[in-house]
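Hello,

Here is the structure I promised to pass on. Please have a look at it first, and then read my notes below.

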Amino acid sequence: MLNLNHYTAVLLDMDGTLYRGNTALPGVDALLRFFDDQGIAYACVTNNSTLTPAQYEQKLAIMGLHVPAARVITSSTVTRHYLQERAPRGTPVYAIGMQGLQEALFGDGYFVQDDKQPKYVVVGMDIEVNYAKLRTAALAIRAGAMFVGTNPDRTLPNEIGLLPGTGSLLALMQAATDVEPVVIGKPGPTMMHAAVELLHADPARTLTIGDRLDTDIAGAQAADLATVLVLTGVSTAEDVERGPIKPDALYADVPELLLAWRGAR
């Protein structure tokens, strides 16, 4: 059985764990207060590339959840770090994505948006994607541009159900180009390592809480972190029973997790 008292830092997924769409999930505000009261450090780690960390701070605040932008790590910010380590200032990039990705890549002028001869094509979530954008990206990839995806999430939890996610766009582009993308977000360990570093935490005492086996739990396990799955987003108890990815603990929702954590104190 997982000893929750062992953990002094927590990495939290967002979509499906803290909220669905624009609605906070039950018990999340109490969980964050519990972390503050107990001196447990935490950061939010999301594959969603649509918003900037500052916009996430504002979004969460509207829902009554108070998380500073400095504690938010998105697949866009990690994608920027990945590219910057490999490409000099002024490198041309073509990006499909919303403000979170556009600002991360082009906000300070390090990369240049180029739809003619980009060295990289980066694809993130874009609810306004159209054929013209996909055509430009496909032609650039076929011409030799490196194909990078911010995250592999095929679906996105929302109040009305599961919507198409970035992974759906990546699958379309892969079918159109016969090129497999380099994917930055979870389940790769890069984002989790970045979050542990941000918190100055001990990985052996860091717990990850998420709603998806294939990204949150697999990503944490790739980074050698302990895991809790909550059944408020994508993955179900049946998925756990039938699939190869097993979290260290499973709770129906955040209130059940918090009750167990308080009971362990």
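Let me start with one residue pair: V123 stands opposite G149 in strand 9. Please keep in mind as you read that this is a predicted model.

That pair belongs to the contact between strand 8 (residues 120–123) and strand 9 (residues 146–149), which run parallel and are joined by 4 bridges. V121 takes part as well, with F147 in strand 9 as its bridge partner. To get from strand 8 to strand 9 the chain passes through helix 5, and this β-α-β crossover is right-handed. On its other side, strand 9 is joined to strand 12 by 2 bridges, again in parallel. There, V148 has V182 in strand 12 as its bridge partner.

Stepping back, these strands are part of an open sheet of 5 strands, with the order 7-6-8-9-12 and parallel pairing. Its edges are strand 7 (112–113) and strand 12 (182–183); each has a single partner strand, so one side of each lacks a neighbour in the sheet.

Two helices to look at here are helix 4 and helix 5. Helix 4 (residues 99–106) packs on the sheet and touches strand 6 (92–96), strand 7 and strand 8. The direction of helix 4 makes about 170 degrees with that of strand 6. Helix 5 (residues 131–142) also packs on the sheet, where it touches strand 6, strand 8 and strand 9. For helix 5, the angle with the direction of strand 6 is about 140 degrees.

Which residues of helix 4 are buried? They are G100, L101, A104, L105 and F106. These buried residues pack against strand 6, strand 7 and strand 8, and also against helix 2 (53–62) and helix 3 (75–84).

Now to the other sheet I would like to show you. It is open too, with 6 strands in the order 5-4-1-13-14-15 and parallel pairing. Strand 5 (72–74) and strand 15 (249–251) are at the edges with a single partner strand each, so each has one side without a neighbour in the sheet. On average, neighbouring strands of this sheet are turned by 25 degrees against each other, direction ignored.

Within this sheet, strand 1 (residues 9–12) and strand 13 (residues 206–210) run parallel and are joined by 4 bridges. One place to find this pairing is L12, which stands opposite I209 in strand 13. Helix 8 (residues 213–222) packs on the sheet and touches strand 13 and strand 14. The directions of helix 8 and strand 14 make an angle of about 165 degrees.

The loop between strand 14 (226–230) and helix 9 (237–242) is worth a stop, as it holds T232. Is T232 buried or exposed? T232 has 16% relative accessibility, so it counts as buried, the cut-off being under 20%. Apart from its neighbours within four places in sequence, T232 is in contact with G16, T17, R20, L25, A252 and D253.

Next, the aromatic rings. The count comes to 5 aromatic pairs. In one of them, F34 and F35 are tilted, with 50 degrees between the planes and 6.2 Å from centre to centre. F34 and F35 are both buried. In the pair of Y110 and F111, the ring centres are 4.8 Å apart and the planes are at 75 degrees, so this pair is edge-to-face. Both of its members are buried: Y110 has 11% relative accessibility, and F111 has a relative accessible area of 2%. Ring pairs also link F34, F35, Y42 and W261 into a cluster.

Y42 has a further partner, since the charged end of R71 sits over its ring, 4.5 Å from the centre. A second case of this kind involves Y82: the charged end of R86 sits over the ring of Y82, 3.6 Å from its centre.

Finally, a residue on the outside. Q58 lies in helix 2, and its 52% relative accessibility makes it count as exposed. Between Q58 and D239 there are 33 Å in space, C-alpha to C-alpha, and the two are 181 residues apart in sequence.

Enjoy looking around, and do write back with any questions.

Best wishes

Note on methods: Residues are numbered from 1 along each chain as its sequence is written. This is a predicted model: local features need pLDDT of at least 70, side-chain atom pairs count only at pLDDT 80 or more; totals for chains, interfaces and linings use all residues. Side-chain values use heavy atoms; hydrogens and water are left out. Two strands pair if DSSP finds at least two bridges between them. Contact means heavy atoms within 4.5 Å. Axes are lines fitted to C-alpha atoms, for helices over the stretch in contact, and angles run from 0 to 180 degrees between N-to-C directions. Rings of Phe, Tyr and Trp (its six-membered ring) pair if their centres lie within 6.5 Å; planes under 30 degrees apart count as stacked, over 60 as edge-to-face and the rest as tilted. Buried means under 20% relative accessible area, exposed over 50%, partly exposed in between (1.4 Å probe, protein chains only). A charge sits over a ring if NZ of Lys or CZ of Arg is within 6 Å of the ring centre and within 35 degrees of the ring normal. A crossover is right-handed if, with the strands pointing away from the viewer, the path from the first strand over the helix to the second runs clockwise.
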